[in-house]
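User: Hello! I am new to this structure and would like to know how the words used for it are justified. Could you walk me through it?

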Amino acid sequence: MNNTFFQNAKFTGSYPTSEDLPLDEGTEIAFCGRSNCGKSSILNALTNNKKLAKTSKTPGRTQAINFFDIDSTGAFKIVDLPGYGYAKVSKKMRSEWGQEIEKYLMTRKSLNALCIIMDIRHTFKEDDLKLINWCETKDLPMILLLNKADKLSNNKASQVTNSAKKTLQKLSTKHHVIATSAKNKTGIAALLEKINELK
Ligand SMILES: Nc1nc2c(ncn2[C@@H]2O[C@H](COP(=O)(O)OP(=O)(O)OP(=O)(O)O)[C@@H](O)[C@H]2O)c(=O)[nH]1
Ligand SMILES: [Mg+2]
């Protein structure tokens, strides 16, 4: 499959709260995960556009709900959610972010699937598990990415991937586990394929 479809992606807006979001129509896939796991980098790798979503070495870069139109009709969107679990943000701010993410997840009718991203070196933190369980409860399809796979040997990366697949095997909701690297594009073609199936 070629990814020319994704290469016309456009940033359409940044929303500090879950109120006043773009119209709840068409289909959306939301990217979520702990701060610094590489959500914005994966989006850029998918769309082959390093400038699409802002990335940063400093965790907590994405502090709003960012919308991207993937096709020109706006019928298919990707949503880059703020990262969770960033310790250096005040408790109050963290809980406000959490609430905004939760409100978005609970109310958004066009949300078709969740792409949960983890750092392959630090899998399954409490917040990740919460999201996975939430997908199961809502019967929402999920793609789990083990990102920064370039930080491990191929052998170790496939060990972690297999073990993550085992952890999820009891889920009844449709799910996929893919080891990715936004840096060297490992797994990006597989991710494109799965998104295309789910959108
Ligand atoms: N080595 C390596 N570095 C990566 C990869 N993906 C992202 N990074 C780096 O990790 C840092 C964080 O990436 P972001 O894409 O900004 O992460 P994020 O999840 O959007 O972070 P927040 O917006 O803060 O939640 C940046 O320095 C990226 O260059 C990867 O696959 N491999
Ligand atoms: Mg980001």
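User: What makes residues of α1 count as buried, and which are they?

Analyst: A residue is buried if 20 or more other C-beta atoms lie within 10 Å of its own, exposed if 12 or fewer, and partly exposed in between, with C-beta atoms placed from the backbone. In α1, the residues K39, S40, S41, I42, L43, A45, L46 and T47 meet the buried cut-off. Eight of the nine residues of this helix (residues 39-47) are buried, so the rest of the structure largely encloses it. Names such as α1 come from DSSP runs, numbered from the N terminus: helices are H or I runs of at least four residues, strands E runs of at least two.

This is a predicted model, in which local features need pLDDT of at least 70 and side-chain atom pairs count only at pLDDT 80 or more, while totals for chains, interfaces and linings use all residues. Residues are numbered from 1 along each chain as its sequence is written, and chains are lettered from A and ligands numbered from 1 in the order in which they are written.

User: What covers the buried residues of α1?

Analyst: The cover includes β2 (27-33), β3 (65-69), β4 (76-80), β5 (111-119), β6 (142-147) and α5 (188-198). Contact here requires C-beta atoms, placed from the backbone, within 7 Å.

User: How do you know that the span of α4 agrees with its number of residues?

Analyst: The expected span is 1.5 Å times one less than the number of residues. For the 15 residues of α4 (residues 154-168) that gives 21 Å, and the end C-alpha atoms are 21 Å apart, so the two agree.

User: Which residues of α4 are buried, and which are exposed?

Analyst: A157, T161 and A164 are buried. They cover an arc of only 65° around the axis (taken from the directions from the helix axis to the C-beta atoms), which puts them on the same side of α4. On the other side, N155, Q159, N162 and K166 are exposed.

User: Why is β6 called largely enclosed?

Analyst: Six of its six residues are buried, so the rest of the structure largely encloses β6. M142, L144 and L146 are buried on one side, and I143, L145 and N147 on the other.

User: What makes β5 and β6 a pair?

Analyst: Pairing needs at least two DSSP bridges between strands; β5 and β6 have six, in the parallel sense. I116 stands opposite L144 in β6.

Conventions. Contact = placed C-beta atoms within 7 Å.
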